[in-house]
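Take a walk through this model, from a patch on the surface to the core and then to some backbone details. Keep the structure in view while reading.

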Amino acid sequence: MAVRRTQVAVVGGGPAGLAAAIAAARRGARTILLDEQPAPGGRLRYRVGAVRTPAGDVPPARLRTDLVAEAVAAGVELRPASVVWGLFDGPLLAAADATTSYQLAADAVVLATGSTDLATPFPGSSLPGVWTGRAVQILLNLHRVRPGRRFAVLGDGPEAAEVASDVRLAGSEVAVVASPGRDEIAAAGTRGVEALVVDGHRHAVDVVAVAIGRQPDAALAQMAGCPMATAAAFGGWVPSLDDRLGAGVPGLFIAGDAAGVDGVEAALAEGRFAGASAAASLGLLGEDVPATERAVYEAACPERFTARRLLRPDHVQTLD
C-alpha cells in the first residue's frame, strides 16, 4: 500500500475541518483535508436556515463557499470522496478513494469528524419511512427529494424545530410533533409507515423523522487510543483534550462536534484553534501564538472552554 506524506492532515470537511485546514495552511503547514462526501462543507451542504458565525447569521451555502475558497487560496489540498477508515501510531491514516487505498503519514492530524444523529427505539421504529432528522434534511435540501407528504417529527430541541421548518419549506405537512421521552409513541403500518400513534391518538403520516439530538463521532479518536470522557453537555462520549485541543496522543488534535456537539460558531472557533495548535506542534509558530489563539477561542466559546477544562477521562484504552 502506497504511503503519502504531509505535515498536517485534517479529517472531516465540515466547518471545523475547513477552519482547521485554513489555519494550519496559513501558518505555513503543508495541509491535506480529507472528507468522505463528494464535496466539502459538512452540515453546511444540507442546512438551509441561517447559521450563527462570529460575523453574524449567514446562509449555510454562502459560508461553505467562502470557507472552501479560503482553503483553496491558503493552499489546502482538498480530497473529497476519501474515506479515512483507520488512525494508527505515527500519526498514520488509512484512507481510500474511488481508485485506490493508501496510507497518509502526517506530522500532525486534526480530527473534525463531526457527529451522528441519536436513534431511539420504539414500536415500529424499523418500518420503512422512519428516518433520522439529518437524513430527512439531506434528502430535502441536498438531493431535492421529498420522502413523503405528511411527516411526524420526534424531538423537542433545536434539531427537531429545524427539521420541521425544512419539511414545511419543502411543501410537506408536519402532522404531529412528539417527544419519545415524554409521549408514548408507536409507528404503525404494513409495508411502511402509515401512522404514528401518540398517547393513543392516531396521526396519519408516511414519514417519521427522529430528531432527538446528536452524538460525537469519535470512532477514529478511540481507535487512536485517546483518553475518553462522558459529558452530557458535549453529547456523551468525547475525547478528553488539553488546553491546545491535543488528544493525549502525540500529534493528534480534535475539534468541532467530534470533540463535543455544538453549533457552527463553536466549530469554526475550535477548528481555527486546533489548526493553529497543529501548526505550532511542528515548530511553525512562536510559543506565544497558541496562547493568543486559545484566548480567542475562549472568548468565542466561554462555556464550552470551561466545560472542557473540567472533563476528566473515564477510560484510557491501552493499545498493546
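W85 sits in strand β6. Is this tryptophan buried or exposed? Neither label fits: W85 has a relative accessible area of 47%, and exposed would require over 50%. W85 is therefore partly exposed. The model is a predicted one.

W85 has company on the surface. Together with V83, F88 and M223, W85 makes a nonpolar patch of about 370 Å². Which element gives the most to this patch? Strand β6, spanning residues 83-88, does so with three residues.

Now turn inward. In soluble globular proteins, nonpolar side chains tend to be buried together. Here the largest nonpolar core holds 60 residues. Which of its members touch the most others? They are L34, L93, L111, C226, L252 and I254. A second core, separate from the largest one, has 14 residues. Among them are L127, I185, V198 and V210.

L252 is a good place to look at the packing. Set aside its neighbours within four places in sequence. L252 is then in contact with L87, V109, L111, A224, C226, L245, G246 and A247. Two of these partners, L111 and C226, also appear with L252 in the list of core residues that touch the most other members.

One partner of L252 deserves a second look: L245. L245 lies in the loop between β19 (236-239) and β20 (252-254). Its phi is positive, about 65 degrees, although L245 is not a glycine. Is L245 buried or exposed? At 1% relative accessibility, against a cut-off of under 20%, L245 counts as buried.

A81 also has a positive phi without being a glycine; the value is near 55 degrees. A81 is placed in the loop between β5 (77-79) and β6. With a relative accessible area of 37%, A81 is partly exposed.

On to the loop between β6 and β7 (92-96), where P91 is found. What kind of peptide bond joins G90 and P91? The bond is cis, with omega at about -5 degrees.

Another proline closes the tour. P59 occupies the loop between β4 (56-58) and α2 (60-74). Its relative accessibility is 38%, so P59 counts as partly exposed. V48 is eleven residues away from P59 along the chain. In space, the C-alpha atoms of P59 and V48 are separated by 6.8 Å.

Definitions and conventions. Residues numbered from 1 in each chain as written. Predicted model: local features only at pLDDT ≥ 70, side-chain atom pairs only at ≥ 80, totals over all residues. Heavy atoms only, no water. Patch = residues over 30% accessible without salt bridge, like charges linked within 9 Å, V, L, I, M, F, W, Y side chains within 5 Å. Areas by Shrake-Rupley, 256 points an atom, 1.4 Å probe, with all protein chains shown as cover. Salt bridge = Lys/Arg side-chain N within 4 Å of Asp/Glu carboxyl O. Helix = DSSP H or I, 4+ residues; strand = E, 2+ residues; numbered from the N terminus. Buried < 20%, exposed > 50% of the residue type's maximum accessible area, 1.4 Å probe, protein only. Core = buried A, V, L, I, M, F, W, Y, C linked by side-chain atoms within 4.5 Å. Contact = heavy atoms within 4.5 Å.
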